[in-house]
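Here's a quick tour of the structure below, grouped by topic. Keep the 3D view open as you read.

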Number of protein chains: 2
Amino acid sequence: MMQFRLAGTGGQGQILAAIILAEAAVASDQLYAAQSQSYGPESRGGASRAEVVISESPIDYPKVDKPDFLLCMSQQGFDKYQDDVAEDGTILVDTSLVTVPETHRHSRVVGCKITETARKNLGRQVVANIIALGLLVRLTEVVSPEAAKKAIANRVPSGTESLNLQAFDLGFELDPSLDCFGLDRSF
Amino acid sequence: MMQFRLAGTGGQGQILAAIILAEAAVASDQLYAAQSQSYGPESRGGASRAEVVISESPIDYPKVDKPDFLLCMSQQGFDKYQDDVAEDGTILVDTSLVTVPETHRHSRVVGCKITETARKNLGRQVVANIIALGLLVRLTEVVSPEAAKKAIANRVPSGTESLNLQAFDLGFELDPSLDCFGLDRSF
């Protein structure tokens, strides 16, 4: 069983990335998945949080309490959720948007300029979520890149398939020397 | 607290309709919401199920067990879930796709040719999910039509806003005499 939390702000596409991850797990990798989001006063303030549970057996409880993987695409998301992560979990931080104090750069934190990479390399900030998904798949190996790409092609808006597949590859193959820290560690 | 289950087959947009419902509840109507989907062997067979819980207070458990409202856009969805519905709940059936035996046409069942209406009136079967959402909002009054339309405009693919808003209005204002049964009852 593996728990994922994708945190950021509205409009970054965390829900879409979470749905793609869940669908990739089930459609091609023969797993069970549950995907959810909760909305409240926070989301009225712009905060967004999508969650996925992936398991080899049926899932009773779809809620994530101790994520094995946390994506932070907002400072608020990092500040609020970093302590929830499981002991051997991984925190992926978009350092275009989030400052990680030196003291917090422990072995479980990977930082990459995800949004900046989307803008610079693909000219479209909106695919930062799919670059992040590529990184997530590389770091966790929870689904195969092929399964993820099939789910992406099924789910993204018609006409943007090629851009999003490029974004996934870019995230999956990001160079640790390229505005990243922690990416060259083994997990 | 109100629980919704939207059942159908992949590609009908149940997840999108559920996300829109949840976002409408929170963004404009000051409620809490949780939205989820579970995937397993069923979804590999094409079945799709999206759920929403809406409440005036924070929601601990995002899973739906006894829906107050069930949308059935597949025969399998109707056959499988009709008995789960709360005693005073409502079942909305797309009678373009689902056959409701006479004996099951009790006071809680509303049937409308949703998909056929989408095709005939708007030329696009793909917006059947939003017509269904219009019906859902009319029947349950869980959010205002204005809140729903704001959430639709925020969430549907860019360029399809107008078509989807038309679909919502069409569902909200469906004439009971128009290939529908049960729609003129008060709930």
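Let's start inside chain A: strand E5 (residues 90–94) and strand E6 pair in the parallel sense, with four bridges between them. Bear in mind that this is a predicted model. From that pair we'll move out to the whole chain, then to the place where chains A and B meet, and finish with a few single residues.

**Around strand E6 of chain A**

- One of the links to E5(A) is easy to find: Asp94(A) has Cys112(A) in E6(A) as its bridge partner.
- E6(A) also has a partner in strand E7 (residues 180–181) of chain A, and here the two run antiparallel, joined by two bridges.
- Cys112(A) turns up again in this pairing, standing opposite Cys180(A) in E7(A).
- Which way do the residues of E6(A) (residues 109–112) point? Val109(A) and Gly111(A) go one way, while Val110(A) and Cys112(A) go the other.
- Buried or exposed, those four? They are all buried.

**Chain A as a whole**

- Chain A is built from seven helices and seven strands.
- Following the sequence, the order is β-α-β-α-β-β-α-β-β-α-α-α-α-β.
- The C-alpha trace of chain A spans about 40 × 35 × 35 Å along its principal axes.
- Chain A has a radius of gyration of 15 Å, which agrees with the value near 16 Å for a compact globule of 187 residues.
- Of the 187 residues in chain A, 50% are buried.
- Take the contacts in chain A between residues at least 6 apart in sequence: 60% of them join residues at least 24 apart.

**Where chain B meets chain A**

- On the chain B side, 22 residues are in contact with 22 residues of chain A.
- Three elements give two or more residues to that side of chain B: helix H1 (14–27), strand E2 (32–39) and helix H2 (41–44).
- Which of them gives the largest share? That's E2(B), with eight residues.
- By residue type, the chain B side divides into 13 nonpolar, six polar and three charged.
- The strands pair up across the two chains as well: E2 (residues 32–39) of chain A and E2(B) run antiparallel, joined by seven bridges.
- In that pairing, Tyr39(A) has Ala33(B) as its bridge partner in E2(B).

**How the two copies are related**

- Chain B superposes on chain A through a rotation of 180 degrees, with 0.0 Å of shift along the axis and an RMSD of 0.0 Å.
- That is the relation of a two-fold axis.
- Looking for the axis in chain B? Which C-alpha is nearest to it? Go to Ser36(B), whose C-alpha is 2.0 Å from the axis.
- Both copies use the same surface, as 100% of the contact residues of chain B recur in chain A.

**The nonpolar core**

- As background, nonpolar side chains tend to be buried together in soluble globular proteins.
- The largest nonpolar core here has 120 residues.
- Ala33(A), Ala132(A), Ala33(B) and Ala132(B) have the most contacts inside that core.
- Leaving out residues up to four places away in sequence, Ala33(A) touches Ala22(A), Ala25(A), Val26(A), Val52(A), Val53(A) and Ile54(A), plus Tyr39(B) from chain B.

**A closer look at Ile130(B)**

- You'll find Ile130(B) in helix H5 (residues 128–140) of chain B.
- Why does Ile130(B) count as buried? Because it has 30 C-beta neighbours inside 10 Å, and the cut-off is 20 or more.
- Setting aside neighbours within four places in sequence, Ile130(B) is in contact with Ala17(B), Ile152(B), Asn164(B), Ala167(B), Phe168(B) and Gly171(B).
- For one of these, Ile152(B), the C-alpha is 8.5 Å from that of Ile130(B), with the two positions 22 residues apart along the chain.

**Asp179 in both chains**

- Most residues other than glycine have a negative phi.
- Asp179(A) has a positive one, near 55 degrees, and phi of Asp179(B) is also near 55 degrees.
- Asp179(A) is in the loop between helix H7 (161–172) and E7 of chain A.
- Over in chain B, Asp179(B) is in the loop between helix H7 (161–172) and strand E7 (180–181).
- Asp179(A) counts as partly exposed, with 17 C-beta neighbours inside 10 Å.
- Asp179(B) is partly exposed as well, with 17 other C-beta atoms within 10 Å.

Key:
Residues numbered from 1 in each chain as written. Chains lettered and ligands numbered in written order. Predicted model: local features only at pLDDT ≥ 70, side-chain atom pairs only at ≥ 80, totals over all residues. Buried ≥ 20, exposed ≤ 12 C-beta atoms within 10 Å, placed from the backbone. Pairing = 2+ DSSP bridges. Contact = placed C-beta atoms within 7 Å. Nonpolar A, V, L, I, M, F, W, Y, C, P; charged D, E, K, R; others polar. Core = buried A, V, L, I, M, F, W, Y, C linked by C-beta atoms within 7 Å. Rg over C-alpha atoms; globule rule 2.2 N^0.38 Å. Least-squares fit on C-alpha atoms with pLDDT ≥ 70 in both.
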